[in-house]
Amino acid sequence: MKDRLQQILDYKTGGKQTPFAKMLGWTPQYLAKLLRGDNFGIQPVITLLSTFPEINARWLLLGDGQMLSADTYTGIRQEMYAHIQGVLELEKYLPYMEPDELHEFEQAVIKGRMPVFSPDTVAKWQERASERENELNVKFAAASGKSDMICSQKRAQK
C-alpha cells in the first residue's frame with residue numbers, strides 16, 4: 001500500500017510531500033508515517049479516495065489494474081488532443097511571426113504549455129497569411145496566363 005501511496009504522491013505533486021499532505025489535510029509527519037508503511041488503516045484510504053476520485057479504488061486496495069480510472073485516462077487524452085490542436089492552429093502562422101513571437105511559441109512548446117497570443121496578434125498573422133496567399137494567386141494567374149498563351153500559339157509547319 002505504501003508503494004501505491006508513493007505513486008499517487010508522485011502523480012499529484014511530483015513527489016513533494018508537504019503540498020500532498022496539505023491537499024489531504026494531513027501533517028507531513030503523518031504522511032511520512034504512512035509512506036514508511038506504519039499502521040496504514042482504512043481512514044487514509046477513505047481520505048485518498050474522497051480527495052482523489054480519479055484514483056482506482058481496486059488498484060489502491062489490491063494493486064489490481066491501473067492507478068487512474070478509465071474515465072480519467074479519457075479526460076487526459078481529450079485535454080492532450082485539445083492542446084495539440086491548439087498548438088497546430090498557431091503553427092500555421094510560424095512564417096508570419098516576429099522573432100519575439102517565435103521565441104514565445106518555441107518556449108511554450110518546449111515547456112509543454114499552450115502559447116498565448118492576443119487576438120490582435122493572431123489577426124495580424126491572419127492578415128499576413130492572406131496577403132501572401134493573394135500574392136501567390138496573382139503570380140499563379142500570371143504564370144497560368146503565360147502558359148496558356150504559349151500553348152495556344154501555332155506551331156511552325158514543315
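**Starting at a loop, ending on a long helix**

Asp-64 has a relative accessible area of 35%, so it counts as partly exposed. For reference, "buried" is under 20% relative accessible area, "exposed" is over 50%, and "partly exposed" is in between, with a 1.4 Å probe and protein chains only. This is a predicted model, so local features need pLDDT of at least 70 and side-chain atom pairs count only at pLDDT 80 or more, while totals for chains, interfaces and linings use all residues. Residues are numbered from 1 along each chain as its sequence is written, and side-chain values use heavy atoms, with hydrogens and water left out.

Back to Asp-64, which sits in the loop between α5 and α6. Helices here are DSSP runs of H or I with at least four residues, strands are runs of E with at least two, and both are numbered from the N terminus. Leaving aside neighbours within four places in sequence, Asp-64 is in contact with Asn-56, Arg-58 and Trp-59, where contact means heavy atoms within 4.5 Å. Now jump 76 residues along the sequence to Phe-140: C-alpha to C-alpha, Asp-64 and Phe-140 are 63 Å apart. Lys-33, in helix α3, tells a similar kind of story. The C-alpha atoms of Lys-33 and Val-138 are separated by 74 Å, with their positions 105 residues apart along the chain. Lys-33 itself counts as partly exposed, at 28% relative accessibility, and beyond its neighbours within four places it is in contact with Asp-38 and Asn-39.

Let's zoom out. The protein chain has eight helices and zero strands. Its radius of gyration is 29 Å, well over the 15 Å that the globule rule gives for 158 residues, so the chain is more spread out than a compact globule. (That radius is taken over C-alpha atoms, and the rule is 2.2 Å times the number of residues to the power 0.38.) Along its principal axes, the C-alpha trace spans about 105 × 35 × 20 Å. Buried residues make up 25% of the 158. Among contacts between residues at least 6 apart in sequence, 47% join residues at least 24 apart.

Where do the nonpolar side chains gather? The largest nonpolar core has 19 residues, and Leu-5, Ile-8, Phe-20, Leu-31, Leu-48 and Ile-55 touch the most other members. A core, in this sense, is a set of buried Ala, Val, Leu, Ile, Met, Phe, Trp, Tyr and Cys residues joined through side-chain atoms within 4.5 Å. Helices α1 (2-13), α2 (17-24), α3 (28-35), α4 (42-51) and α5 (57-62) each supply at least two residues of this core. Take Leu-31: setting aside residues up to four places away, it touches Leu-5, Leu-9, Gln-17, Phe-20, Ala-21 and Trp-26. Apart from this core lies another, of 10 residues, among them Val-87, Phe-117, Trp-125 and Ala-129.

Next come the aromatics, with four pairs in the structure. Rings of Phe, Tyr and Trp (its six-membered ring) pair if their centres lie within 6.5 Å; planes under 30 degrees apart count as stacked, over 60 as edge-to-face and the rest as tilted. Phe-20 and Phe-52 make a stacked pair, 5.8 Å centre to centre with 25 degrees between the planes. Phe-20 lies in helix α2 and Phe-52 in the loop between α4 and α5, so this pair ties together parts that are 32 residues apart in sequence. Both rings belong to buried residues, with Phe-20 at 0% relative accessibility and Phe-52 at 2%.

Tyr-93 and Trp-125 pair too, but tilted: 5.9 Å centre to centre and 35 degrees between the planes. Tyr-93 is in the loop between α6 (70-91) and α7, and Trp-125 is in helix α8 (residues 119-152), so again the parts tied together are 32 residues apart in sequence. Trp-125 is buried, at 0% relative accessible area, and Tyr-93 counts as buried at 9%. Together with Phe-117, Tyr-93 and Trp-125 form one aromatic cluster.

Glu-101, in helix α7 (residues 99-111), touches two members of that cluster: its contacts outside four places in sequence are Tyr-96, Phe-117, Thr-121, Lys-124 and Trp-125. At 9% relative accessibility, Glu-101 counts as buried.

Finally, α8 itself. With 34 residues, it reaches 48 Å from its first C-alpha to its last, close to the 50 Å expected at 1.5 Å a residue; the expected span is 1.5 Å times one less than the number of residues. Its buried residues are Thr-121, Val-122, Trp-125 and Ala-129, and what covers them includes α6 and α7.
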